[in-house]
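Dear colleague,

Please find the structure below, handed over for your consideration. My findings follow it.

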Amino acid sequence: MEYKIKAYIKDTLAATPIGEDTEATFNAMLAGKSVLENASEGCISAFSPQSRWYGMNTGDMVIEMAGEIARKNSIDYSDPSVLLIISTTKGDIKELENGEYLLSSMAVSAKEALGCANLPLIVSNACISGVSATVVAKRYIEKGLYKNIVVAGCDRISDFIYTGFDSFKSLSATPCRPYDANRCGLNLGEAGACLLISSEGDIEIKGGAITNDANHISGPSRTGDGLFYAIEEAMVEAYGTLDHPVEFINAHGTATLYNDEMESKAIALAGMAAEEGKEGVPVNSLKGYIGHTLGASGVVEIALCAKQLEHGVILPVKGFSEHGVPMPINVVKDSPVGITSKNSYGEGRNHINCIKTASGFGGCNAAVVLEKTREPKRENLKENAGNGGKDAAGEYSYKKYIIADGRIEANGNLLFQGPSDFAPFIREAYKKFCSPNMKFYKMDDLCKLGYVAASILFDEKDMAAGAAERRDTAIVLANEVSSLDSDMKHWEAIKNNGTASPAVFVYTLPNLVLGEICIHNKIKGENTFFITPRIQPERGELPQIPDFIKEYAHILMERKSTKRVIYGWCSYYDNQYCAIFELVENLN
Amino acid sequence: MEEIIRNLKVQIIESLNLEDITPEEIDTEAPLFGDGLGLDSIDALEIMIILEKHYNIRIADPKKAKEAFYSVKTLAEYVVANREEQ
């Protein structure tokens, strides 16, 4: 019999403007509280001056919270079996007021402050960052690489973020109304949260998946297929089938027109919407209580999913009154719903469960399946259930592409040499290697770099075969500067004109390069962007792909669903550029 | 009208980063979105900014302006109509 380590949520700490910890936030939600009704201009869910988190920057909040949850559980970051994973979209981007801001500095500061044996990882995957980071943590625990992982999510709302969302016309001036017929946009919110993910605990992370819908960089899929694939893959990993009872789905539910519409379609594709004789799996969104907390949202909401399972209660969607999405999903309305024995333990199951999903810019989607067993067993071995987790034997082939300094190398051979200045270089490289695409010139420079590198990597034969979508292909990239080049442009526009350009703002997320690559190559598998300091052996030498990126790519290769992974380094800032892409492919 | 059409084309090329395209290559009557120039929702937001910045026309509800956004010609007509009202 095959055994495997399981990953559990052992403890949580979620701080929001309605509660200083998870329990307080959960109780406030049960009581229907929100600060959005009384929010001043902009309708932001912000910490009040009375909160201990008021005015604290993102980096400090992560350190404070990660420290607190570790102390409470007697975990020490100096222990090499402990890892911190930070989930954030922009970190302390307001620091741009004082010049350049390196997102990777958050990891360095946290390492120093907490005395970490391992350099903390940063996942910056737009609005799915929190769920992404949790999926990464789950895989690490199951692989036995770490015993305890703290996932810490945090973002603060600054002019940078507010003005950008405003230019997208996605903000609501009144409290948001997820899934409602009269919904008119999202509210931004501040929060910070930690999950302690461990090889023991009460709530198991039974399945997890990250996908891309390869449709558009800001508009969600028209069909909901990407999110559906994430739900399907997570459920198959958890139970071996999509057709297994689920107590509730805590979806992203931002209350923008298109997000909620897309989610309803994905849930229907999963067979979880209402049908004749079936009321559908209850669906909720917590945005009406705390707004959209960006990089923190997945972490906060997973913490609250754990609370809902623990208390056997499903929270209603605050702000929802009239069904307003295309598919008949079962939105939880008005008051909390108890998880009764009828739909759970009574059916002969020994557990209750939920699915948490998120979707974001760059076309990314993520889902996790959380399960609470009636009588928690704390042993950390399990029979290997889903096929998603099974190790796939394989013979791997590798290819390596480097773009830097006016040169493109493929597997050590010079493929192309052009001017070293980025603008003329990438233009020539694009014309030589890529088929014409109107969208290319609209991309920011980070995306242009990744786009050309990926286009070269998928050779002609492969491209022809790739007319169909690639659910079996994953991309994992990293850099140290995030999207700093576009961040600076966006910030300059705000400073000079007081307004933002949506075409610039959309690129202020590093995972947009994954989105552009996925759209062009129809890649629908995992896509994750890490931020980490540059490893550069000598000045003038090329940076190295960090070991953890290679390791993570190979963890993905062990999944049956993955046939190839593109992994590497992709960095652009102020005419300094470097893309090192490796492709690992299973030949079997 | 001709001048507005010409200006709109230049402004669209500039703010939408349509490199390798000249104003002459944009068909005045062809659809801007979907087929035609292949613009998307982000481009629509950028065109709204063009209207605001260069013609002082604010569109509160983009859905109501859908017909105006069909082609450069309809856009120019919209500009003319809404300027006269001011």
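Which residues of H15(A) are buried? Please bear in mind throughout that this is a predicted model. Helix H15 of chain A covers residues 512-521, and nine of its ten residues are buried. They are A:Leu512, A:Val513, A:Leu514, A:Gly515, A:Glu516, A:Ile517, A:Cys518, A:Ile519 and A:Asn521. The elements against which these buried residues pack are E7, helix H11 (445-457), strand E19 (473-479), strand E20 (527-531) and strand E21 (564-573), which belong to chain A. Just after H15(A), A:Lys522 has a positive phi of about 55°.

Strand E19 of chain A, one of the packing partners of that helix, is itself mostly covered, with seven of its seven residues buried. A:Thr473, A:Ile475, A:Leu477 and A:Asn479 point one way from the strand, while A:Ala474, A:Val476 and A:Ala478 point the other way. E19(A) pairs with E21(A) in the parallel sense through six bridges, and within E21(A) the bridge partner of A:Leu477 is A:Gly568. The pairing of E19(A) with E20(A) is likewise parallel, over five bridges; here A:Ile475 has A:Asn527 of E20(A) as its bridge partner.

I turn next to the division of chain A. Domain 1 comprises 3-388 and domain 2 comprises 396-586. The C-alpha centres of the two domains are 27 Å apart, and their contact takes 42 residues from domain 1 and 44 residues from domain 2. On the domain 1 side, at least two residues each come from helix H3 (105-114), strand E4 (121-123), helix H4 (129-143), helix H5 (159-167), strand E7 (203-212) and helix H6 (225-239) of chain A. H5(A) supplies the largest share of that side, five residues. By character, the side of domain 1 that touches domain 2 consists of 19 nonpolar, 17 polar and six charged residues.

The second part of the account concerns strand E5 (148-155) of chain A and its surroundings. Eight of the eight residues of E5(A) are buried. A:Asn148, A:Val150, A:Ala152 and A:Cys154 point one way from the strand, and A:Ile149, A:Val151, A:Gly153 and A:Asp155 point the other way. E5(A) pairs with E3(A) in the parallel sense over six bridges, with A:Ile149 as the bridge partner of A:Leu83. With E6(A), by contrast, E5(A) runs antiparallel, and eight bridges join the two; in E6(A), A:Ser198 is the bridge partner of A:Asn148.

Helix H2 of chain A (residues 58-72) packs its buried residues against strand E2 (8-15), strand E3 (82-87), H3, strand E5 (148-155) and strand E6 (191-198). Those buried residues are A:Thr58, A:Gly59, A:Met61, A:Val62, A:Ile63, A:Met65, A:Ala66, A:Ile69 and A:Ala70. At 1.5 Å a residue, the 15 residues of H2(A) should span 21 Å, and the end C-alpha atoms are indeed 21 Å apart, which agrees. Just after this helix, A:Ser74 takes a positive phi of about 55°.

A:Ile141 is placed in helix H4 of chain A. Why does A:Ile141 count as buried? There are 23 C-beta neighbours inside 10 Å of A:Ile141, and the cut-off for a buried residue is 20 or more. Beyond its neighbours within four places in sequence, A:Ile141 is in contact with A:Ile5, A:Ala7, A:Tyr146, A:Ile149, A:Ile197, A:Ser198 and A:Ser199. From A:Ile141 to A:Phe416 there are 275 residues in sequence and 42 Å in space, C-alpha to C-alpha.

The largest nonpolar core has 203 residues, of which A:Ala66, A:Leu84, A:Ile85, A:Val151, A:Cys194 and A:Ile197 touch the most other members. Both domain 1 and domain 2 of chain A give residues to this core, so it lies between them. Leaving aside its neighbours within four places in sequence, A:Leu84 contacts A:Ala66, A:Tyr77, A:Ala110, A:Leu114, A:Cys116, A:Pro120, A:Val150 and A:Ala152. A second, separate core of 18 residues includes B:Leu18, B:Ile47, B:Ala68 and B:Ala76.

Finally, as regards the two chains, eleven residues of chain B are in contact with 13 residues of chain A. The side of chain B that touches chain A comprises five nonpolar, three polar and three charged residues.

With kind regards

Methods: Residues are numbered from 1 along each chain as its sequence is written. Chains are lettered from A and ligands numbered from 1 in the order in which they are written. This is a predicted model: local features need pLDDT of at least 70, side-chain atom pairs count only at pLDDT 80 or more; totals for chains, interfaces and linings use all residues. Two residues are in contact if their C-beta atoms, placed from the backbone, lie within 7 Å. Ala, Val, Leu, Ile, Met, Phe, Trp, Tyr, Cys and Pro count as nonpolar, Asp, Glu, Lys and Arg as charged, and the others, Gly among them, as polar. Domain bounds come from an automatic or database domain assignment. Helices (H or I, at least four residues) and strands (E, at least two) are DSSP runs, numbered from the N terminus. The expected span of a helix is 1.5 Å times one less than its number of residues. A residue is buried if 20 or more other C-beta atoms lie within 10 Å of its own, exposed if 12 or fewer, and partly exposed in between; C-beta atoms are placed from the backbone. A nonpolar core is a set of buried Ala, Val, Leu, Ile, Met, Phe, Trp, Tyr and Cys residues joined through C-beta atoms within 7 Å. Two strands pair if DSSP finds at least two bridges between them.
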